[in-house]
Amino acid sequence: MNIVYLGLGTNLGDREENLKQAIDLIKDFSKTDLLEVSKVYETEPWGYNKQDSFLNLCLKLKTELSPQELLENCQSVEAKLKRKRLVKWGPRTIDVDILLYGDLDMQTDDLIIPHPRIAERAFVLIPLADLDESLVIDGKYIVDLIVGLGENGVEKYKNSVI
Ligand SMILES: Nc1ncnc2c1ncn2[C@@H]1O[C@H](COP(=O)(O)OP(=O)(O)OP(=O)(O)O)[C@@H](O)[C@H]1O
Ligand SMILES: Nc1nc2c(c(=O)[nH]1)N=C(CO)CN2
């Protein structure tokens, strides 16, 4: 079995309902057990700021699905919640990213693991640290990456739990 971390984000429609439906769909993935759900954070948009704030959380799973199978399952969740890709990093009903898959380091045309932008994103690092404070990403402890984010780090996020 492989320990996997997913990142979920939503800023379109009924955000809390979107997260609930996405988690229910992920619970139904074959050969997979949902182990833990992080707190939910209200977060300012990153990368494209002309959009509403997001709700973000991370999930810890145990799975026998291959990385590619897991990606297809994650994309099926996005399709079921009618995600539309109109603007890069733009508004979405749900986004389900594979953040970490055990110690796997891979890159294909359609799948990069670890997710390449984890270390830049407090909206990922903070809920991910809820699940495992001992994670090492790009050779750095997750807590050091969070401190390195400065004003965007824990202080800003600890009051954004919903
Ligand atoms: N680790 C990963 N998790 C999910 N999708 C990935 C991953 N690595 C590569 N991809 C690819 O990224 C493509 C674009 O994904 P998407 O449109 O959801 O990007 P995004 O989530 O909006 O932006 P970002 O990738 O910066 O978080 C997907 O079609 C998928 O094939
Ligand atoms: N706060 C926040 N900003 C984002 C998010 C997200 O989930 N949360 N996802 C993005 C593309 O994956 C781009 N920007």
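A residue counts as near a molecule if one of its heavy atoms lies within 4 Å of that molecule. This is a predicted model, where local features need pLDDT of at least 70, side-chain atom pairs count only at pLDDT 80 or more, and totals for chains, interfaces and linings use all residues. Residues are numbered from 1 along each chain as its sequence is written, ligands are numbered from 1 in the order in which they are written, and side-chain values use heavy atoms, without hydrogens or water.

**View 1. The neighbours of ligand 1.** Here we meet 15 residues around ligand 1, and Arg 85, Arg 92, Asp 110, Arg 117 and Arg 121 come nearest. By class, eight are charged, five nonpolar and two polar (Asp, Glu, Lys and Arg count as charged; Ala, Val, Leu, Ile, Met, Phe, Trp, Tyr, Cys and Pro as nonpolar; the others, Gly among them, as polar).

**View 2. Polar contacts of ligand 1.** A polar contact is a pair of N or O atoms within 3.5 Å. Oxygen atoms of ligand 1 pair with polar side-chain atoms of Arg 117 at 2.7 Å, His 115 at 3.3 Å and Gln 75 at 3.4 Å. The protein buries 80% of the 620 Å² that ligand 1 exposes alone (Shrake-Rupley method, 1.4 Å probe).

**View 3. Ligand 2 and its contacts.** Around ligand 2 we find residues including Phe 54, Asn 56 and Asp 95. Nitrogen of ligand 2 comes 2.6 Å from a polar backbone atom of Trp 46 and 2.8 Å from one of Glu 44. The protein covers 96% of the 340 Å² of accessible area that ligand 2 has on its own.

Conventions. Polar contact = N/O pair within 3.5 Å; in protein donor to acceptor, adjacent residues only side chain to side chain.
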